[in-house]
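Here is a protein chain to look at for someone who has not met it before. The questions that follow begin with one part of it and then widen to the whole.

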Amino acid sequence: MSKKLSGNGLWESSRMMLPQHKEQSVSASRQAAGEAAAGGAAHRTVSPPTAKDIEVIRSYIILPVALEIVEKKNREVEMSAQTFKALYAAATKVLAQHIRGDIQRYRKSLLEQGIRIFEPSMDGLDIRYRFVCRGMEDEFTMTRDYLKSQVSLAIGHYTNHLTAILRGTGKR
């Protein structure tokens, strides 16, 4: 009887599958596809992100926002009629240059660690960044207020560093 039912499509479309079985089946097929893609090699170890990884991800998310603010302030200063316009514009350009350098260092570190960050999604007051860290997928969530405070701290850090350099007490 199973011979009659196997070719007509009716039997295949009427089978019921429990969600647990479906998950198990999908998981097994993904695992098989992963092994085939890896040439049948041993499984690659999946390790969760370390505290250092999370800090690099956080900084890589915060610094581009800080850079955008510094560049916006630079444009405002250049358009203004302030007395020290040239000094302020030069200072914001140096700040932006230092931030860009750190963004590049964080980007390189992320690549070396096998971490990819995807575009953010916004959910009310939360900003969610999906990332993959050495094969493990996770999510990094920040509130807008937290992001604003961290950006402010980052800009303050760069400003203090630049001030120290101008005074001759800091090194880069």
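Q: In this predicted model, which two helices each supply at least two residues of the lining of the largest cavity?

A: The model is a predicted one, and the lining of its largest cavity consists of Lys52, Asp53, Val56, Ser109, Leu110, Gln113 and Ile115. Helix α4 covers residues 51–79 and helix α5 covers residues 85–113, and each of the two supplies at least two residues of that lining. The helices asked for are therefore α4 and α5.

Q: How do the residues of the lining of the largest cavity divide into nonpolar, polar and charged?

A: The lining includes Val56, Leu110 and Ile115, along with Ser109 and Gln113, and also Lys52 and Asp53. Val, Leu and Ile count as nonpolar, whereas Asp and Lys count as charged and residues outside the two named groups count as polar. The division is three nonpolar, two polar and two charged.

Q: What is the volume of the largest cavity?

A: Rolling a probe the size of a water molecule over the atoms shows where empty space is left. In this chain the count comes to one cavity of 30 Å³ or more. The volume of the largest cavity is about 40 Å³.

Q: In what order do the helices and strands run from the N terminus on?

A: The protein chain holds six helices and four strands. Read from the N terminus on, five helices come before the four strands, and a further helix follows the strands. Written out, the order is α-α-α-α-α-β-β-β-β-α.

Q: Which elements are included in what covers the buried residues of α6?

A: Helix α6, residues 144–167, has 24 residues and reaches 34 Å from its first C-alpha to its last, close to the 34 Å expected at 1.5 Å a residue. Its buried residues are Leu147, Gln150, Val151, Ala154, Ile155, Tyr158, His161 and Leu162. What covers these residues includes two helices and two strands, namely α4, α5, β3 (126–133) and β4 (136–143).

Q: Which glycine follows α5?

A: Helix α5 has 29 residues and reaches 42 Å from its first C-alpha to its last, close to the 42 Å expected at 1.5 Å a residue. Among its buried residues are Ala89, Leu95, Ile99 and Leu110, and what covers the buried residues of α5 includes α4, β1 (115–117) and α6. The residue that follows the helix has a positive phi, near 75°, and is glycine 114.

Q: Is arginine 134 buried, partly exposed or exposed?

A: Arginine 134 lies in the loop between β3 and β4, and has a positive phi of about 50° although it is not a glycine. Its relative accessible area is 22%, while buried means under 20% and exposed means over 50%. Arginine 134 is therefore partly exposed.

Q: What distance separates the C-alpha atoms of methionine 79 and alanine 89?

A: Methionine 79 lies in helix α4 and is exposed, with a relative accessible area of 75%, whereas Ala89 is one of the buried residues of α5. The two residues are ten apart along the chain. Their C-alpha atoms are separated by 9.9 Å.

Q: What share of the residues of the protein chain count as buried?

A: The protein chain exposes about 12600 Å², of which carbon and sulfur atoms supply 57%. A residue counts as buried when its relative accessible area is under 20%. Of the 172 residues of the chain, the share that count as buried is 23%.

Key. Residues are numbered from 1 along each chain as its sequence is written. This is a predicted model: local features need pLDDT of at least 70, side-chain atom pairs count only at pLDDT 80 or more; totals for chains, interfaces and linings use all residues. Side-chain values use heavy atoms; hydrogens and water are left out. On a 1 Å grid over the protein atoms alone, a cavity is a set of points where a 1.4 Å probe fits but cannot get out, and a pocket is an open set with protein on both sides within 12 Å along at least five of seven lines; lining residues have an atom within 4 Å of a point. Grid points are joined across faces, edges and corners, and a volume is the space filled by probe spheres set on the points. Buried means under 20% relative accessible area, exposed over 50%, partly exposed in between (1.4 Å probe, protein chains only). Accessible areas come from the Shrake-Rupley method with a 1.4 Å probe; for residues, only the protein chains shown count as cover. The expected span of a helix is 1.5 Å times one less than its number of residues. Contact means heavy atoms within 4.5 Å.
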